[in-house]
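Trainee: I'm new to this structure and would love a close look at a single part of it. Could you pick one and walk me through its surroundings?

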Amino acid sequence: MKKFTSFMIVLCFALTLSAQQARKDFRINRCMSASNYYAYPGPQQKVYTQAPAGYVPFYISHYGRHGSRYLIGNDVYDWPYFTLLKADSLNELTPKGKILLRKLRVIRDEARNREGELTLLGAQQHKAIALRMYKNFPQVFAGKTNVDAKSTTVIRCILSMENALQQLLLENPRLQIRHDASVHDMYYMNYDDKALRKQRYSGDTKSVWDAFRKKHDHYERVMGEIFKDEGYWRNHVQGSLLNRDLFSLAGDMQSTDLRNSISLYDLFNDDEIYNDWLMNNAYYYIEYGACPLNGGNQPYSQRNLLRNIIHQADSCIVLKHPGVTLRFGHDTMVMPLTCLLDLDGLGLQEPDLEKLPQDGWCDYKIFPMACNIQFIFYRRYVGDKDILFKVLRNENEATLPIKTDRAPYYHWKDFKTYFLKKLNNYDQKCSKD
């Protein structure tokens, strides 16, 4: 009984530490609270696990999100600015509100006509990722090897691809590069499963989400910092929406050229930052994670992508020098693919949205700007039947839900057996419904 009690104490302590990790992260760097606006931090793992004796890398398959960008939609820049501009004309802004208005004017001017576009930092992120890929696995890029790169048709993804390819060519001008961005490939590069999308807020999901959001939507103090009269902002300003837009603008500043001169995080205290992040974190879990409230099937939206990764790899690993397959897309692909693969246990099913942080579900660690998943393949010789591979999640070695005797390396045949069965079972289930 004493051993069981001790175990429970240790477990509760561990869960408490895990739940507090996000708060700790935000105290160190508030930019992490930006969720999918968090600028790519680079790999946390500095030294990779040595490959089993005799195995060398020979092929890489990759899917990555575009780099840092401006916010999507002019309204997120215009509406907060004009809301404060009107209040200022009525003498309803506090001194802090006036400072905020001046900041918003600069931010809006800098982002004008750049809706959703790649920033300079976004381009640099992809050059750096490509350079590390080249230097970490030089055997893959040796000689006149092939690089097959595809992007979605969105310009920020195309430019991310081109910046990565430019860097690779600087390292090896002999590379044989083929690059494309076509609607032809959108069925796996950026597939929108309308049937699954309809299920996101089915059953009790919407009521649970609405209650969660109401509990954590604390914007009153911030409004009091901006506007002189409480009656004014309560009657003439959508306080919750303004708070969310300001929090989004604060998060995206780190991706722009203004990141060293303007910050909006001084508007929020630590509790407000944590609660604003909690709402985003739960939202993305419902939308793209294996949330049991809506059936737990949202990750299957990327089943076409996973099948493409498997089929492309099977075609390439029989070649003498297959090279690299690069794909450049969106966060809305990387997150569900991460969950579909259950990388590092992120395919978890948690019905209590409050427990997500203690379960290790922290969105900023899953899909920051330029997030990526890389499959690194190893063999001993051409024609080797026992192909090994490992997965890098944001350039860090990741675990898979399959057995292996050589962690973090896995046998390709085991991976295919497990995940093709998983995908086929889902397809069979859908055909019966």
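Mentor: Gladly! Let's begin with Phe-227 in this predicted model. Leaving aside neighbours within four places in sequence, Phe-227 is in contact with Leu-84, Ala-87, Glu-92, Leu-93, Thr-94, Tyr-232, Trp-233, Val-237 and Leu-242. Phe-227 belongs to the largest nonpolar core, which has 101 residues. Ile-226, Phe-227, Phe-377, Leu-400 and Phe-415 are the members with the most contacts inside that core. Helix α12 (residues 270–288) gives this core its largest share, 10 residues. Apart from it lies another core, of 23 residues, including Tyr-134, Leu-175, Ile-376 and Leu-388. In soluble globular proteins, nonpolar side chains tend to be buried together.

Leu-388 leads us to strand β6 (residues 388–393), the part I'd like you to look at closely. Because 6 of the 6 residues of β6 are buried, this strand is largely enclosed by the rest of the structure. In a regular strand the side chains alternate between the two faces of the sheet. On one side of β6, Leu-388, Lys-390 and Leu-392 are buried, and on the other so are Phe-389, Val-391 and Arg-393.

Now for the partners of β6. Strand β5 (residues 372–379) pairs with β6 in the antiparallel sense over 6 bridges, and there Ile-373 stands opposite Arg-393. Strand β8 (residues 410–411) also runs antiparallel to β6, joined by 2 bridges, with Tyr-410 opposite Phe-389. Strand β7 (residues 396–397) is antiparallel to β6 too, again with 2 bridges, and its Glu-397 faces Leu-392 across the pairing. β6 and β7 form a hairpin with 2 residues between them, and Asn-394 in the turn has a positive phi of about 55°.

Terms used. Residues are numbered from 1 along each chain as its sequence is written. This is a predicted model: local features need pLDDT of at least 70, side-chain atom pairs count only at pLDDT 80 or more; totals for chains, interfaces and linings use all residues. Side-chain values use heavy atoms; hydrogens and water are left out. Buried means under 20% relative accessible area, exposed over 50%, partly exposed in between (1.4 Å probe, protein chains only). Helices (H or I, at least four residues) and strands (E, at least two) are DSSP runs, numbered from the N terminus. Two strands pair if DSSP finds at least two bridges between them. A nonpolar core is a set of buried Ala, Val, Leu, Ile, Met, Phe, Trp, Tyr and Cys residues joined through side-chain atoms within 4.5 Å. Contact means heavy atoms within 4.5 Å.
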